Amino acid sequence: MPVFTRFRQSSQPGIPGDGSEAERAERGDAVTEEVETPGPRSRFTRLRTWRTRHPRAARALRLTTTALAAVLVLGALLLPNTLPAVEPDRFARIPAEAVVGAVVMLALPRRPRLVAAVLYGLGLTALTTVNLLDMGFNEYLGRGFNAALDWDLLPDAQAYVEDTLGGGVATAAAVGAVVLVLLVAAVMVAATVRLSDVLARHRPRATKGALLAGTVWVTCSALGLTLFGGPIASERGAGALRVHVQRTVESLRDEAAFVRQSKADTFGNTPPGQLLPDLRGKDVIFTFIESYGRSAVEDPIMAPGVDRTLDTSTEALAKAGFHARSGWLTSATYGGSSWLGHSTTMSGLWIDNQRRYRTVTAGDHLTLTKAFQKTGAWDTVGVMPGVQKGWPEEKWYGLDKLYDAFDLGYKGPKFSWSTMPDQYALEAFQRRVHGMKRDKPLMSFVILTSSHQPWAPLPKMVGWDELGDGSVFDAIQKAGNKASDVITDTTRSREEYGKSIQYSVTSLTRWLERYGTDDTVLVFLGDHQPIARVSGNGASRDVPVSLVAKDPKVLERIGDWNWTEGLKPGPDAPVWRMDSFRDRFLKAYGSTPHPSKG
C-alpha cells in the first residue's frame, strides 16, 4: 500500500533512550508515522471493504449497472435514424449484433476479449453518431447524412447558428457536440467492457443464453415474425452502417462520372451570335427567393397568406402592363444549401452535393448567366446581399461585377442570418445598377435573403423614399420576434415562414411595378423548399418559377411550356427538373445547340 513518511521533530533533541513509540513521543523524539495516500489501490480497498460490509447494496448496484449497460447497448443497436421513428415499440426487437457480440466475447480469452469489447463500444459510438447526424439532416435537409460529402457543411452550419443565435451559442454548440461524442464513446466502451466481464464470469449460463437468443432470432427471421409493425429479428445496426458505407462508395464513384458529364454541353460550342438572339435589347433579371417552395403555395397554414399575396401582386402587375406565366421546378436540394439550387438552374447540370458543386465551378461549363456575357450584348452583374466573403464563383457565373453585402451601402440592422431586407437590396440595386445609364442592356443575377430561416425577426415594407441607408429598419428589427422563440416552435416557424415569403414576393413585385420598363424581363423562383420541420415529412422538392414581362412576344416564346397564367402556378402546371431549365430557356429564345463532348 502506498505510504509517505511524516516526521515529528523532538522538542528535546539529543535525549538518549529507545522504548516504545509512546515513550519516545513523551520524550519528544521524532516519530515516524505511516499515513495512507488516496491512491487507486486505496480506493479499491475501501470499495472492497464497503462491498463486504454492505453485500445487499453492492449486489443491487452491480445488477443496476449491468442492466444500464445492457439498455445502452441494445438502445444503440436499435436506435432509428429519424426523429418520428423514435418510439418505444422500435426497441422491442432482438438485435443480431448483440447475439454475435455475446458469442465473440464468450469465445475470447481475457485480453483479446477486452480489446474486442473496447472496439465494440467504439463501433456503437460510431453507429449512434451517424444515427444522430441522420436525424438532424432528415429534420432540416430531408435526407440522411453522407460521410463522403457533408463534413464540408458543418462549418456552414456553425456560421448559420452564429448569425442566428450569436457567437457564444455557436461556440457552445460546437464544443457541446464534441463533448457529447466523447461522452458517448466513454459510456459505450464502459458498458461493453462491463457486459463482457459479466459474460466471462457466468460463462456456462451466458453460453446457453446466447444459444437460445440466436435460435429465437433465426426462427423469427425465417418465419418473418413481426411485432408492432416491424420484424422481431433485427439487424438495424449493421444495416445502418452498411447504408452509410454504400452511400459513401457511391458518392465517390459519382464524382468521377460527374466530371465527364460536366464536360459535355449541348451549347458548349455555340457561337456568341447564336445565343439568345430573341432577347437582344431586353434587361433580363434572374432572381432567387430564399426557401420559396411549393409548400408556401399549397400548405394549409402558409398558403392562404402567400396565395393572397400572389393574386394581389398578379393584379397589380397587370395594371402596370406586366403579365406572368408560372410553373414548377424540382430542386436539386432541400431545406438548405441554396447554392446547389442556383448552380443547378444556371448550369443545366444536377448539382445536389458540395463535391459536384466544387467540380463544376472549377471548370468552364456554360451557365445561363455566362451565355449572356458570352454574347457581348449585355452587361452582367450579380447582387448577392448574403455573400460576406470572397466569392470566386463570380467568374464561373459570368458576372462582370458583383455587389455583395458590403457593396450596397446598408447601415441598418441584420435580420438574423439575412444581412439586409429584400426591399433595401432591390432599391440599392436600382440606385447603383439598374437605374444607371449604360450602352448595353443588363443581365442581373439577384439573390434575395429575407425568407431565410429562422424567419425571425422579419422586416416589413416601408416607403421606398424612406429607405435611405437602411437605418429605418432599426425599430422594426428591435420589435420583431426573437429567433430562439420561433426556431423551437414548429407552428410559429411555419407561420413566420409564410410571412417571410409574402414579404419577399411583395418587395420584388412592387419593385418591378415601380422600376420595370417595356424591356424588363423578370424570372424569379425558389431555390428549395423550407426545412422538413416546416414543409412536412415527405414534402416534394418542387419550387415555383415565374416569368414576367411587358412585351407579349417574350411570353409567346414560352407558349408551349403550358405554364399557368399569373404568379401562382396551378396544381396541374408542368413539373420539370431544375437542371432542364437552362436548355429550355436558351432554346425558347432562339439559341442554336452546338454540343461540346466530354
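Tutor: Helices, of at least four residues, and strands, of at least two, are DSSP runs numbered from the N terminus; in this predicted model, W455 lies in the loop between β11 and α17, with β11 covering residues 442–448 and α17 covering residues 474–479.

Student: Why does W455 count as buried or exposed, and which of the two is it?

Tutor: The relative accessibility of W455 is 2%, and buried means under 20%, so W455 counts as buried.

Student: What makes the phi of W455 worth a remark?

Tutor: Phi of W455 is near 65 degrees, a positive value in a residue other than glycine, whereas most residues other than glycine have a negative phi.

Student: Which peptide bonds are cis, and what is omega for the one that joins Q453 and P454?

Tutor: Q453 and P454 are joined by a cis peptide bond with omega at about 15 degrees, and another cis peptide bond, with omega at about -10 degrees, joins A456 and P457. Both P454 and P457 are placed in the loop between β11 and α17. As background, most peptide bonds are trans.

Student: Phi of N562 is also a positive value; how do you know whether N562 is buried or exposed?

Tutor: N562, with phi near 60 degrees, lies in the loop between α21 and β14. Its relative accessible area is 56%, and the cut-off for exposed is over 50%, so N562 is exposed.

Student: Why is the aromatic pair of W561 and W576 called edge-to-face?

Tutor: The two centres lie 5.2 Å apart, with 85 degrees between the planes; rings pair if their centres lie within 6.5 Å, and planes over 60 degrees apart count as edge-to-face, so W561 and W576 meet both conditions. This pair links distant parts of the chain, with W561 in the loop between α21 and β14 and W576 in strand β15, 15 residues apart. At 5% relative accessibility W561 counts as buried, and at 10% W576 counts as buried too.

Student: What makes F372 and W378 an aromatic pair, and how many such pairs does the structure hold?

Tutor: The structure holds 19 aromatic pairs. In the one formed by F372 and W378, the distance is 4.7 Å centre to centre and the angle between the planes is 75 degrees; set against the limits of 6.5 Å and 60 degrees, these values make the pair edge-to-face. Both residues are buried, and ring pairs link them into a cluster that also includes W561, W576 and Y589.

Student: How do you know that R577 lies over the face of W350?

Tutor: R577 is 4.1 Å from the ring centre of W350, and the test asks for CZ of Arg within 6 Å of the ring centre and within 35 degrees of the ring normal; the distance is under that limit, and R577 is assigned as lying over the face. Likewise, the charged end of K401 sits over the ring of Y403, 5.3 Å from its centre.

Student: Why is T361 called buried, and what lies 2.7 Å from a polar atom of its side chain?

Tutor: T361, placed in helix α13, has a relative accessible area of 18%, and the cut-off is under 20%, so T361 is buried. The backbone oxygen of Y357 lies 2.7 Å from a polar atom of the T361 side chain, and the backbone oxygen of R358 lies 3.4 Å from one; a polar contact must be within 3.5 Å, so both distances fall inside that limit.

Notes:
Residues are numbered from 1 along each chain as its sequence is written. This is a predicted model: local features need pLDDT of at least 70, side-chain atom pairs count only at pLDDT 80 or more; totals for chains, interfaces and linings use all residues. Side-chain values use heavy atoms; hydrogens and water are left out. Rings of Phe, Tyr and Trp (its six-membered ring) pair if their centres lie within 6.5 Å; planes under 30 degrees apart count as stacked, over 60 as edge-to-face and the rest as tilted. Buried means under 20% relative accessible area, exposed over 50%, partly exposed in between (1.4 Å probe, protein chains only). A polar contact is a pair of N or O atoms within 3.5 Å; within protein, one must be able to donate a hydrogen and the other to accept it, and residues adjacent in sequence count only if both atoms are side-chain atoms.
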